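Please study the sequence and the structure shown below before attempting the exercises.

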Amino acid sequence: MANCKVCLAIVKKNQLKVQCQDCSQDFHGRCVSIGQADIDYLNEQGSGWRCEPCNKTRRKSMRLEYSEGSLTLETIMDTLKEIRNEQKTNTADFNKSYEVLYDKMEENTTTLRDGMGKIEDYIKEIEQLKSENSALKNKVAALETRVEDLENYSRRNCLEIQGIPEIKEEKVSDLVVQVGKALNVDIDEGMIDACHRIGRKTTGRNQPRGIIVKFVRRTDKEELIRRRREK
């Protein structure tokens, strides 16, 4: 196997190669910018290919022949044919490079369009999420307002009583009834919605825990407060 005279690497059988018709040296097609289409064209035209050193030598020889007055019509025709072949090869290389570049641009354009389409979809999705988030915020605000109103309404019937001593196994509702009696207010268990001590009982605590009473009617709570103020 011969070596390429450009890269000096071995020219393998499965590699595209071209041989100079003057020096008979082998070259890799890629090293001298020759493709299979170019080789096919040269074969169709019955023309050979010359490497750059041989081209320079031939041009120098032609100039020498011309200066000596030995230039013939046949030489001129051969020269024109070689120039035409070189131009054809260069044109084929240019067209091939142009096609590769055009295909790459088309590929990039398609990728860009796909990317823009995805971005538009993401923007629409974000806008939808923003709208849903805004609706949820409004709903939460409305629920918070409603809960606050319910709590305020519920607290209207509540009364906190302090200073009632704690008794073991006491019944808090009975204590509330006794407080009512002390203030000359008749209270029965049917008037009480709920009642309990505030917080958890701890050892070593001298101050008794307060009592929260929720009356069924707000008027009963207000009556108890009025009587307490009169005392």
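Two exercises with worked solutions follow.

This is a predicted model, in which local features need pLDDT of at least 70 and side-chain atom pairs count only at pLDDT 80 or more, while totals for chains, interfaces and linings use all residues. Residues are numbered from 1 along each chain as its sequence is written, and side-chain values use heavy atoms, with hydrogens and water left out.

**Exercise 1.** Determine which parts of the chain are tied together by the salt bridge between Lys171 and Glu189.

*Solution.* Step 1: a salt bridge is a side-chain nitrogen of Lys or Arg within 4 Å of a carboxyl oxygen of Asp or Glu. The closest N and O atoms of Lys171 and Glu189 are 3.0 Å apart.

Step 2: Lys171 lies in the loop between S3 and H4, and Glu189 in the loop between H4 and strand S4 (192-197), so the pair ties together parts 18 residues apart in sequence. Helices (H or I, at least four residues) and strands (E, at least two) are DSSP runs, numbered from the N terminus.

**Exercise 2.** State whether Arg217 is buried, partly exposed or exposed, and do likewise for Asp220.

*Solution.* Step 1: buried means under 20% relative accessible area, exposed over 50%, and partly exposed in between (1.4 Å probe, protein chains only).

Step 2: Arg217 has a relative accessible area of 47% and is therefore partly exposed. Asp220, at 9% relative accessibility, counts as buried.

Step 3: the side chains of Arg217 and Asp220 meet in a salt bridge, with 3.0 Å from N to O.
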